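This briefing introduces one protein structure to a first-year student. Please look through the sequence and the structure shown below before reading the points that follow.

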Amino acid sequence: MTHLTDPAEDARAGMTPRPASEASRPRRRSRRADTYGLTAATIVLFLFFAAAAAPSPLLPLLLRAWDFEPWLLTFAFAVYALAILVTLLVVGRLSDHVGRRPVMLAATVLELASMILFLVSQDIGIFVVARTLQGFATGAATGAISAAIADFAGEHRARLTATLGSVGPLAGLAAGAVFAGAVAEFHPDPKAVVFGVFAVLFAVSVGAVSALRESSSKRPGAARSLIPRVAVPRAARRPFMKAIPIAAAVWMAGGFSLSVVGETARDLLLVGDEVATSLLIAGLSATGAVTVVLSQRLRARTGATVGALLIALGLLGDILAIALGSVAILVVGTVVSGAGFGMAFAGAVGLVIPHARVHERGELFSAIYVVNYVAFGVPAIGAGLLIAPLGLAAAVIVYAAAVVAVAVVGVAVQAVTSAGPLRAPQHAPSASVAVSEKRPAP
């Protein structure tokens with residue numbers, strides 16, 4: 001059985017036996033608390049990512065209503081990712097020191113504030129401020145919630161943890177995009193409805209997070225943990241470096257879907273239905289969520305490699321769709337890359353997380369998400385800057401080609417690693433960590 005706690009501590013904990021009637025009651029309460037914690041943390045993670053996708057179908061409508069420069073479409077998307085990056089660098093390790101619940105609670109309150117700011121915004125400037133605030137909230141929440149899910153699930157539910165930790169964000173991205181697109185199609189004031197609903201949901205989430213039991217012990221050094229740096233536990237450094245190209249390809253594909261697929265469908269392929277456009281935006285993450293469930297028994301390296309290949313094939317299909325003006329090919333490309341997105345998302349994380357001990361999870365998740373959100377945001381900014389000199393079609397093709405190139409590099413790195421001699425890690429994890437390529441919770 002995978003061991004993520006110190007066996008010596010387990011032994012010490014078992015030295016003083018209690019009567020069965022006493023021992024069973026705390027264990028039952030603990031199981032109930034863990035089940036509630038696992039459920040609540042997964043739902044809140046889902047909501048954070050659903051809210052992240054919601055602005056994408058609305059921004060083209062706001063472009064027409066507010067008459068701002070088109071490059072601000074991708075900027076409003078990318079500033080969110082960059083705000084997450086900054087927050088991860090500052091508070092990414094904080095939950096390992098002060099506990100998961102305080103960080104999750106503060107982030108959820110901040111997310112609620114951003115929803116209210118979205119709701120009252122009347123120009124692109126306030127909208128971008130709200131998007132930035134949302135990025136700060138998501139950056140603070142992501143590592144802490146992911147680590148809490150792993151804490152509450154425990155070592156005996158590692159497969160469930162992997163599924164929830166992967167499906168939650170992907171399903172959230174899909175649901176948020178479809179919800180916003182459907183409201184945009186059928187309601188005259190979609191911004192008010194979308195962000196009003198999310199404001200209510202995050203208000204409820206504040207109460208749900210407040211009721212969580214703390215899943216992680218406190219450690220000294222909270223103030224020092226705020227010094228910006230990317231921290232990767234020593235035992236995880238080599239697998240982390242080898243997984244970077246796969247993770248980058250995954251989140252570049254995610255950024256491509258959320259930042260330019262909607263405009264590609266509307267302006268280049270002349271898709272006029274908002275629901276159809278939102279389904280295209282959501283297609284990558286929705287397919288990815290399904291694929292995570294179907295492929296969860298794959299080894300991490302297999303999932304990461306096959307997933308990256310599918311991402312490359314799907315993005316090549318998107319390039320072909322633009323060249324031929326074909327919506328059908330764009331749909332196929334989105335489904336193929338979405339299948340790869342889900343497999344590679346879980347697989348890349350599964351290559352790294354088994355090398356971290358319990359008290360190192362927060363910092364390692366944060367380091368992973370630093371890579372993810374650099375890949376998520378920076379290429380989108382670049383694509384936005386290319387729209388004016390090259391035109392939308394050329395900028396989107398360059399963006400897609402860059403995703404293909406990074407995915408191919410990731411496959412090559414994994415192929416070289418797989419072909420090489422098997423060696424023990426230079427810095428082996430302690431005996432309390434069972435290293436496996438089975439995928440744990442992202």
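The model is predicted. Within helix H6, the buried residues are Arg100, Val103, Met104, Ala107, Thr108, Glu111, Leu112, Ser114, Met115 and Phe118. The points below consider this helix, the salt bridges of Arg100, a surface patch and the cavities.

**Helix H6**

- Helix H6 comprises 21 residues, and its span from first to last C-alpha is 31 Å, close to the 30 Å expected at 1.5 Å a residue.
- In an α-helix there are 3.6 residues a turn, so residues three or four places apart point the same way.
- The buried residues of H6 include Val103, Ala107, Glu111 and Met115.

**Salt bridges**

- Side chains of opposite charge can pair when their charged atoms come close.
- The structure contains two salt bridges.
- In one salt bridge, the side chain of arginine 100 meets that of aspartate 96, at 2.8 Å from N to O.
- Arginine 100 has a relative accessible area of 1% and is therefore buried, the cut-off being under 20%.
- Aspartate 96 is also classed as buried because its relative accessibility is 2%, and the cut-off is under 20%.
- Arginine 100 also forms a salt bridge with aspartate 151, with 2.8 Å between the closest N and O atoms.
- This pair links distant parts of the chain, as arginine 100 lies in helix H6 and aspartate 151 in helix H7 (residues 124–153), 51 residues apart.
- Both arginine 100 and aspartate 151 are buried.
- Through shared partners, the salt bridges join Asp96, Arg100 and Asp151 into one network.

**Nonpolar surface patch**

- Ile116, Leu119 and Val120 make a nonpolar surface patch of about 230 Å².
- Leucine 119, one of the patch residues, belongs to helix H6, which covers residues 100–120.
- Leucine 119 counts as partly exposed because its relative accessible area is 31%, which falls between the cut-offs of 20% for buried and 50% for exposed.

**Cavities**

- How many cavities of 30 Å³ or more are there? The count comes to seven.
- The largest cavity holds about 110 Å³ of space.
- Its lining consists of 13 residues, and those nearest the centre of the largest cavity are Ser56, Leu59, Pro60, Leu258 and Ser259.
- At least two lining residues of the largest cavity come from each of helix H3 (55–66), helix H4 (71–91), helix H11 (237–259) and helix H12 (261–268).

Technical notes:
Residues numbered from 1 in each chain as written. Predicted model: local features only at pLDDT ≥ 70, side-chain atom pairs only at ≥ 80, totals over all residues. Heavy atoms only, no water. Patch = residues over 30% accessible without salt bridge, like charges linked within 9 Å, V, L, I, M, F, W, Y side chains within 5 Å. Areas by Shrake-Rupley, 256 points an atom, 1.4 Å probe, with all protein chains shown as cover. Salt bridge = Lys/Arg side-chain N within 4 Å of Asp/Glu carboxyl O. Helix = DSSP H or I, 4+ residues; strand = E, 2+ residues; numbered from the N terminus. Buried < 20%, exposed > 50% of the residue type's maximum accessible area, 1.4 Å probe, protein only. Expected span 1.5 Å × (residues − 1). 1 Å grid on protein atoms, 1.4 Å probe; cavity = no way out; pocket = protein on both sides within 12 Å on 5 of 7 lines; lining within 4 Å. Points joined across faces, edges and corners; volume = space filled by probe spheres on them.
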